[in-house]
Amino acid sequence: MRRFLAILVFIGLSFIAFAQTVEVQHLSERRTLVRTDGGSGVFLLPVQESSPEASIKVLADTDLWQTINVRLATDKVDYFVPLDRGQWKTKSVLLDITSARRDRRRDICWKEMKYSGSFELPAPEPFRPAYHFAPSFGWMNDPNGMVYKDGLWHLFFQYNPYGNIWGNMTWGHAVSRDLTHWEQWENAILPNELGSVFSGSAVVDENNTAGFGKGAIVAMYTSAGTTQTQSIAWSTDGGKTFNIYGKNPVIVADIRDFRDPKVFWDKGSNQWKVVLAAGQEVQFWASDNLRDWEYESSFGKGFGCHGGVWECPDFFELDGKWVLIVNINPGGPFGGSATQYFIGEYDGKQFICDDAPETTRWMDYGKDHYATVTWSGAPDGRRVAIAWMSNWQYANVIPTKGFRSANSVPRDLKLLSRPDGPVLVSSPSPEVEALRGKAKAARLSSKPVKLFPEPRGTYEIVLEFVPPKKGVVGFTLNNGQGEKVLMSYDPSAKTFSMDRKASGDVAFSNDFPAETVAPTLPGKRVSLRLLVDNSSIEVFGDDFCMTNLVFPSTPFNTITATGAKVQATIYPLNP
Ligand code: FRU
């Protein structure tokens, strides 16, 4: 594209037109206007992660459409992000940009912002997962609004489309027919005057109780503005587009941390209920129409772990009991974020916990399992959960380039009876098995077994052994570069542990190198499933799971075992 540069100087203002379609006008040391004539391509904003954020008011013609925060490049462009021009694709756009830092007039962002024929997705990179969902670009945290409808598993998520660091919370959207192959759709719900769009849930309103239409998908999310309130939005085109309810917010309270509503249909009372995090407890509210809500009860004071903020609750009936999931950050068993749960009864208004208040139960014993919630309306009575596979201690600095964060594999939940009461057990959803390629059997020993002829980062290993009377069973994944992950199963201590201190790049955060330990009751024969992707290891035992990120310089391509006769079945996983 032909480009010409003209420099015009106005009294008191500098005005630079560097392309026919982009004009930059510095109004002051801190404020700049960028005008575009609504060219047909994609408008790209240059980002440098170490730059301070600039606040950009995006006006389509003269209507304020969105205010976004972007780390506009100071002296180096790390990557470009496309300005989403929503339904105003052809209108002229005015960006009214305010910077916190003093003079940004010499920054390279003004030269680098441009129209382009298309937005090129970031290049493939070694740590991008192959069979876990990750956004095509940008930052992701919590899974949101998961709902199953007409054969599609909808996954919404906390998304920053304008950088790979938390910000501009928007509901991104992806769908899948098999829980392992995902297609990212257009962003579903964008920040508006009530605030940015924090976590929440969605249901299918089969009986049109809300009046938005039979079978509408109704989402409830937290509008995070000066206070946190709950808003709703609905879709009558299968989740492609959402309408924001005109009378938002629908639930308010004078509580600082008041968020992450999970809506569910309660058969007992024939009503919609919502559970949401309210400071150090959860609250239950009820509604007949998803629009008008009344407070019913609270749970949590003095129960479980309170080492941090309670977030992202979920509540469902499972195998004859009610399970309350409460994510907590910080306060997790190995520092930072983690998912705790409670088991009990529900009388249609209130949750009554079976456990003594001081009992804390963890859903996963790794460091990278957070904001776990389940799908509404999953078929065949299934209860399928997914977690954000990261930890607030270091999520913003993990060593990926074109995107940040992925989710765990989907997991089917069940209750398992144990002498001291039931425990919640997560297993990889059966769909994950469809990714298995040709199996290879191996007897493991201290001599390394090569996993595949060529190193690959995506595989599953099933380990089976009889736990020894004395001693520990050890497993090591190694990549021949001095990088390894040590695992051990200790029948007398009744634990499984994973040590990632030497797993590769661990230096980006002091909180990353760690050993995580799970309790487990050894059976007569132990079976462990290790699901490995390019930057994660998830281990599933009969009664525990453990999810940890790893960033090896090349894939782990050998395994050893000591302390027992271990039979391994090794599958490549092919997405
Ligand atoms: C959990 C959380 C939620 C909040 C969201 C904001 O990770 O803090 O409580 O809704 O992230 O992105």
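Here is a walk through the pockets, cores and strand pairing of this predicted model.

Residues are numbered from 1 along each chain as its sequence is written, and side-chain values use heavy atoms, with hydrogens and water left out. Local features need pLDDT of at least 70 and side-chain atom pairs count only at pLDDT 80 or more, while totals for chains, interfaces and linings use all residues.

**Pocket and cavities**

First, the terms. Everything runs on a 1 Å grid over the protein atoms alone: a cavity is a set of points where a 1.4 Å probe fits but cannot get out, and a pocket is an open set with protein on both sides within 12 Å along at least five of seven lines. Lining residues have an atom within 4 Å of a point. Points are joined across faces, edges and corners, and a volume is the space filled by probe spheres set on them.

The largest pocket comes out at about 760 Å³. It has 34 lining residues, and Phe264, Trp265, Ser376, Gly377 and Arg383 are the closest to its centre. Elements giving two or more residues to that lining are β11 (138-149), β15 (196-205), β19 (258-266) and β23 (309-318). Of the elements, β19 gives the most, with 5 residues. Helices (H or I, at least four residues) and strands (E, at least two) are DSSP runs, numbered from the N terminus.

There are also 6 cavities of 30 Å³ or more. The largest cavity holds about 90 Å³ of space. Of its 14 lining residues, Pro143, Gly200, Ser201, Pro261 and Val373 are the closest to the centre. Two or more residues apiece come from β11, β15, β19, β23 and β28 (370-374), and the largest share, 4 residues, is from β11.

The table splits both linings by class. Ala, Val, Leu, Ile, Met, Phe, Trp, Tyr, Cys and Pro count as nonpolar, Asp, Glu, Lys and Arg as charged, and the others, Gly among them, as polar.

| Lining | Nonpolar | Polar | Charged |
|---|---|---|---|
| Largest pocket | 15 residues | 8 residues | 11 residues |
| Largest cavity | 6 residues | 6 residues | 2 residues |

**Following β11**

Since β11 turns up in both linings, let's stay with it. Buried here means under 20% relative accessible area, exposed over 50%, and partly exposed in between (1.4 Å probe, protein chains only). In β11, 11 of the 12 residues are buried, so the strand is largely enclosed by the rest of the structure.

Two strands pair if DSSP finds at least two bridges between them. By that rule β11 pairs with strand β30 (residues 403-404) in the parallel sense, over 2 bridges, with Arg404 of β30 as the bridge partner of Trp139. Strand β12 (residues 152-160) runs antiparallel to β11, and 7 bridges join the two. Here Tyr148 stands opposite Trp153 in β12. The β11-β12 hairpin has 2 residues between the strands, and Asp150 in it takes a positive phi near 50°.

**Nonpolar cores**

A nonpolar core is a set of buried Ala, Val, Leu, Ile, Met, Phe, Trp, Tyr and Cys residues joined through side-chain atoms within 4.5 Å. The largest has 53 residues, and Ile461, Leu463, Leu477 and Leu528 have the most contacts inside it. Domain 2 (139-397 + 407-428) and domain 3 (436-572) both give residues to this core, so it lies between them; the domain bounds come from an automatic or database domain assignment. Another core, of 26 residues, lies apart from it, and Val22, Trp65, Cys109 and Trp110 are among its members.

**Other strands, and one tryptophan**

An open sheet of 6 strands runs in the order β34-β43-β36-β37-β38-β39, with antiparallel pairing. Its edge strands, β34 (449-450) and β39 (515-519), each pair on one side only. Strand β38 (residues 495-499) meets β39 over 5 antiparallel bridges, and Thr495 stands opposite Pro519 in β39.

Elsewhere, strand β3 (residues 22-26) and strand β4 (residues 31-36) run antiparallel, joined by 5 bridges, and form a hairpin with 4 residues between them. His26 has Thr32 in β4 as its bridge partner. Strand β9 (residues 93-99) is also antiparallel to β4, with 6 bridges joining them, and Arg35 stands opposite Leu94 in β9.

Finally, Trp293 is found in the loop between β21 (281-287) and β22 (294-299). Trp293 is buried, at a relative accessible area of 9%. Its C-alpha atom and that of Val250 are separated by 7.0 Å, although the two residues are 43 residues apart along the chain.
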